[in-house]
Amino acid sequence: MSKFNPLQRTSEAHAYIEIEKFVRLVIETSAMPFETKVDANGQQTIIPRLLANDFHKLTRYWNHYHPEYDYEVQTQAFWDSCIATGFIGEHGPTDMAWDYSLSIHAHAYATNDLVRFIRTRADTKDYKRRAYDKKYQASEKCASIESFIDEALARYAKSLVVRVDMGYQKSSSHQITIADVYDHVDGLCMAKQSADAFRGLVGYALAIEQGVTRGYHIHFVAIIDGNQFQSGRHRGAQFASLWQRIVGNDSAAHICDYDPVQHAVRGVGQFRRNEPDTHKGVVQTMQYLTEYKEDQYLRARPSGRRALRTFLKCS
């Protein structure tokens, strides 16, 4: 097996998804990465199997281990297994993690132990509970966002609802870490004190997500005083411009318009408080931010940070 360059820059978002795939593969199969065969003379031969190759591909991602992050259950199980089996030490990845040629026997035994560790962890109550908690927490967030909408739409006779999806250019997304994303989101939220995009703001909600193809991205919905402002597309362009000022040329943004083909009920634009479909449409728009998506949740976050953020201006 070849040695990967530890200085090679790889995508953090992609790394965590690949690690998650490996953990799921380990749990769903009974195969081992290495097999030991002994010939008639007692000579041992280490034979790598498919799982060994899958694990070897992850060596390019060692630099994405950050003990200060909060990891999702599968990713945490992987890093814990790496620590328990000697691939990661007190000061980060060990020599065995970088160079498999140091000792094929030691590496094979450690890799097999790593797989056993993951399978044992996956059978614990804590692992199973945390895996279930993602869906349960999503349902709780859906309920809380609905009460947020009720209060926000009750403020004025007219409300302007604007949704903008924010993210990063594909050409540079591999350079973006989740810590960068939270710094950019903090800058966006702090701008509500002065930026024109936030004029007439009633409240906003945003969700940070991690997709297989899109990497890290943000769904942002703002509710504006519709008595003062009527153009959702103009306001969306202001938010997109603000995001570009914060992120720079690596930014990407998409203003979400109402598409009757995709959505039966309109969820963006201007609404009157007493219109029958106002609440229903806005709820659908907002709940997209909170609903559980099998492949869109964050695999890692800076410690203590949340993926969903809401703000409601005091009345």
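The following legends describe close-up views of a predicted model of a single protein chain.

**Figure 1. Overview of the chain.** The predicted chain contains 9 helices and 12 strands. Along the principal axes, its C-alpha atoms fill a box of roughly 90 × 40 × 35 Å. Of the 315 residues in the chain, 47% are buried.

**Figure 2. The largest pocket and its lining.** Rolling a probe the size of a water molecule over the atoms shows where empty space is left. The largest pocket encloses about 670 Å³ of space. Its lining is formed by 26 residues, and those closest to the centre of the pocket are Glu72, Gln137, Lys141, Arg301 and Ala307. Two or more lining residues are given by each of helix H6 (125-153), strand S7 (201-211), helix H9 (278-290) and strand S12 (308-312). Helix H6 supplies the largest share of the lining, with 7 residues. By residue class, the lining of the largest pocket consists of 12 charged, 10 nonpolar and 4 polar residues.

**Figure 3. Helix H5 and its buried residues.** Helix H5 runs from residue 104 to 122 and has 19 residues. The distance from its first C-alpha to its last is 27 Å, close to the 27 Å expected at 1.5 Å a residue. The buried residues of H5 are His107, Ala108, Ala110, Thr111, Asn112, Leu114, Val115, Ile118, Arg119 and Ala122.

**Figure 4. Threonine 111 within helix H5.** Threonine 111 is a residue of helix H5. Because its relative accessibility is 0%, threonine 111 counts as buried. Proline 33 lies 78 residues away from threonine 111 along the chain, yet the C-alpha atoms of these two residues are separated by 6.8 Å.

**Figure 5. Helix H8 and its two faces.** Helix H8 comprises 16 residues, numbered 232-247. At 1.5 Å a residue H8 should span 22 Å, and its end C-alpha atoms are indeed 22 Å apart, so the two values agree. The residues Gly232, Arg235, Gly236, Phe239, Ala240, Leu242, Trp243 and Val247 of H8 are buried. These buried residues lie on the same side of H8, because they cover an arc of only 160° around the axis. The face of H8 turned away from the buried side carries the exposed residues His234 and Arg245. An α-helix has 3.6 residues a turn, so residues three or four places apart point the same way.

**Figure 6. Threonine 75 in helix H3.** Threonine 75 belongs to helix H3, which is formed by residues 73-84. With a relative accessible area of 0%, threonine 75 is buried, because buried means under 20%. Threonine 75 and alanine 207 are 132 residues apart in sequence, and their C-alpha atoms are 20 Å apart in space.

**Figure 7. Cysteine 82 and cysteine 189.** Cysteine 82 has 0% relative accessibility and therefore counts as buried. Cysteine 189, at 5% relative accessibility, also counts as buried. A disulfide is a covalent bond between the sulfur atoms of two cysteines. The count of disulfides in this model comes to 0.

Notes: Residues numbered from 1 in each chain as written. Predicted model: local features only at pLDDT ≥ 70, side-chain atom pairs only at ≥ 80, totals over all residues. Heavy atoms only, no water. 1 Å grid on protein atoms, 1.4 Å probe; cavity = no way out; pocket = protein on both sides within 12 Å on 5 of 7 lines; lining within 4 Å. Points joined across faces, edges and corners; volume = space filled by probe spheres on them. Helix = DSSP H or I, 4+ residues; strand = E, 2+ residues; numbered from the N terminus. Nonpolar A, V, L, I, M, F, W, Y, C, P; charged D, E, K, R; others polar. Expected span 1.5 Å × (residues − 1). Buried < 20%, exposed > 50% of the residue type's maximum accessible area, 1.4 Å probe, protein only. Disulfide = S-S within 2.5 Å. Arc of directions from axis to C-beta.
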